[in-house]
Amino acid sequence: MVSYEYILGGFLASLLGSVFFMIISTTLGENKKVKPLKSNGFENGAFQPEMEVEKSTDVVIVGAGVAGAALAYTLAKEGRRVHVIERDLSEPDRIVGELLQPGGYLKLIELGLEECANESIDAQKVFGYALYKDGKDTKLTYPLEKYSSDVAGRSFHNGRFIQRMREKAATLSNVKLEQGSVTTLIEEKGIVKGVIYKNKAGEEMRTYAPLTIVCDGCFSNLRKSLSAPKVESPSCFVGLILENCELPHANHGHVILGDPSPILFYPISSTEVRCLVDVPGTKVPSVASGEMANYLKTMVAPQIPPQLHNAFMVAVEKGNIRTMQNKSMAANPVPTPGAILLGDAFNMRHPLTGGGMTVALSDIVLLRDLLRPLCDLNDAPALCSYLESFYTLRKPVSSTINTLAGALYKVFCASPDPARQEMREACFGYLCLGGICSYGPVSLLSGLNPRPLHLFLHFFAVAIYGVGRLMLPFPSPERIWLGAQLILSASGIIFPIIKGEGVRQVFFPATVPAFYRSPPVH
């Protein structure tokens with residue numbers, strides 16, 4: 001009897017324990033279930049919870065031009081999940097963005113993208129410039145002695161270069177490259193959460209990420225949300241392609257100090273030479289009416305070096321004449337949590353010196369290095385504060401190239417002002433001196449020596465050289481007065497450009513508090 005009671009008691013205890021265990025397990029399982037989240041966006045057209053959207057993408061990039069494509073590849077290689085939205089994924093056809101300076105090529109190597117600018121797109125090496133004025137010429141060679149033989153400038157068809165970088169980025173599994181037109185930034189409580197865009201089918205879509213990087217080019221429709229832009233349009237470029245002709249100095253860019261403004265020649269393939277004729281102002285002669293062809297034949301052709309004259313006339317007769325407005329815009333960001341500007345959407349300079357891609361690639365290397373210590377990008381205010389250092393740290397490269405482009409364009413243009421004429425003559429004469437007088441400016445132009453102070457000193461060395469020329473064989477009151485005007489003219493050219501770049505950031509970056517920002521600690 002006793003044994004029976006023990007057996008019955010043990011059975012009932014086991015049964016009650018099993019029931020209690022099932023209740024506890026069920027309760028804990030229910031607590032582990034994800035509670036319904038407030039929807040925050042769309043992914044592939046379907047409504048998604050906020051957490052899922054944030055986990056699917058780390059960075060949204062608007063635009064897949066030079067900056068966007070290079071950035072997508074770079075951040076994806078760092079392990080970021082990247083969604084790139086580009087308005088048109090077909091090969092671009094532009095007349096600028098065809099010359100990459102040696103400093104920019106070094107950045108391309110740092111990013112692992114150098115094979116995008118090699119023989120596969122028929123890219124040509126560029127070793128310097130030839131400068132022409134009034135029948136005289138001088139050759140300015142890049143200071144490449146301490147670099148490997150592969151390091152030089154590169155010139156190519158812009159569209160081919162961009163397509164190769166897009167293809168390279170698309171090979172990475174964590175890159176989603178999509179055609180669509182971004183219309184709006186999604187902003188909540190002052191923080192950018194993502195973008196609204198129309199896909200290729202015309203459907204309105206949304207995509208979300210902790211960081212949105214806008215690099216949608218010179219015609220950006222989003223820059224006003226992230227900066228206070230002041231866009232200037234100093235001139236237009238008229239573009240032609242000369243076929244099957246040889247440049248007087250092989251593998252060099254050619255700059256003719258023409259009237260009223262410079263004319264450029266450089267190779268873009270093994271059989272083609274790009275010609276860019278600068279026309280000051282915002283209006284150019286009509287191409288459709290034949291006015292442009294007449295202008296090129298009568299005003300420009302007589303200034304072309306004899307070796308290129310026939311090929312130039314053939315190109316004009318062929319009629320494939322393109323025009324483009326040149327733009328200049330100092331970087332003036334408005335730091336916004338969750339978003340940052342890059343490329344021509346952020347900062348532009350006159351394309352005379354071919355420095356735009358060098359600045360963009362340098363910015364990408366810097367941004368990659370700043371983001372590298374961060375595993376989590378979700379703290380938008382902290383990230384925004386940290387990335388303010390980007391705007392100061394980029395200044396050595398960007399301000400050197402921007403200032404040089406703006407100053408050289410103004411010096412190289414013909415002017416009725418006698419002081420400006422003397423400055424133009426002095427610049428050509430200074431570069432013809434050779435030695436440090438040519439080596440220094442070309443190292444600045446090439447992006448190999450990004451030092452704003454060196455640029456400032458060389459610029460005023462040109463002005464002082466010009467004054468010295470005026471004092472020979474002997475000074476006169478008129479010459480002394482003209483020398484004073486020359487110094488004032490030089491100051492009037494460079495100081496407004498430096499002011500636009502930010503005197504403190506350019507020359508005294510260590511005094512800017514953002515210079516010392518360290519990565520946010522989570």
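What follows is a short working chat about the predicted model shown above.

Me: Before anything else, what kind of model is this, and how are the residues numbered?
Reply: This is a predicted model, in which local features need pLDDT of at least 70 and side-chain atom pairs count only at pLDDT 80 or more, while totals for chains, interfaces and linings use all residues. Residues are numbered from 1 along each chain as its sequence is written, and side-chain values use heavy atoms, with hydrogens and water left out.

Me: How many helices and strands are there?
Reply: The protein chain has 16 helices and 19 strands, where helices (H or I, at least four residues) and strands (E, at least two) are DSSP runs numbered from the N terminus.

Me: And how much of the chain is buried?
Reply: Of the 522 residues, 51% are buried, with buried meaning under 20% relative accessible area, exposed over 50% and partly exposed in between (1.4 Å probe, protein chains only).

Me: Which strands make up the seven-stranded open sheet, and in what order?
Reply: The order is E12-E11-E10-E4-E3-E13-E19, with mixed pairing, and two strands count as paired if DSSP finds at least two bridges between them. The edges are strand E12 (204-208) and strand E19 (339-341), each of which pairs on one side only.

Me: In what sense do E13 and E19 pair?
Reply: Strand E13 (residues 211-214) and E19 pair in the parallel sense over three bridges, and threonine 212 has alanine 339 in E19 as its bridge partner.

Me: Switching to empty space, how many cavities are there?
Reply: There are six cavities of 30 Å³ or more. On a 1 Å grid over the protein atoms alone, a cavity is a set of points where a 1.4 Å probe fits but cannot get out, and a pocket is an open set with protein on both sides within 12 Å along at least five of seven lines; lining residues have an atom within 4 Å of a point. Grid points are joined across faces, edges and corners, and a volume is the space filled by probe spheres set on the points.

Me: What lines the largest cavity?
Reply: The largest cavity holds about 330 Å³ of space, and of its 22 lining residues the closest to the centre are Leu404, Leu408, Phe412, Leu431 and Pro441. The elements that give two or more residues are strand E7 (128-133), helix H11 (395-412), helix H12 (418-432), helix H13 (436-445) and helix H14 (452-470), and H11 supplies the largest share, five residues.

Me: What does E7 pair with?
Reply: E7 pairs with strand E8 (residues 136-141) in the antiparallel sense over six bridges, and tyrosine 129 stands opposite leucine 140 in E8. The two strands form a hairpin with two residues between them, and aspartate 134 in the turn has a positive phi of about 50 degrees.

Me: What about the second largest pocket?
Reply: The second largest pocket contains about 550 Å³ of space, and the elements that give two or more residues to its lining are E14, H11 and helix H15 (477-501).

Me: Last one: is histidine 157 buried or exposed?
Reply: Histidine 157, in the loop between strand E9 (153-155) and helix H5 (158-170), is buried because its relative accessible area is 15%. Leaving aside neighbours within four places in sequence, histidine 157 is in contact (heavy atoms within 4.5 Å) with Ile241, Ile268, Ser269 and Glu272.
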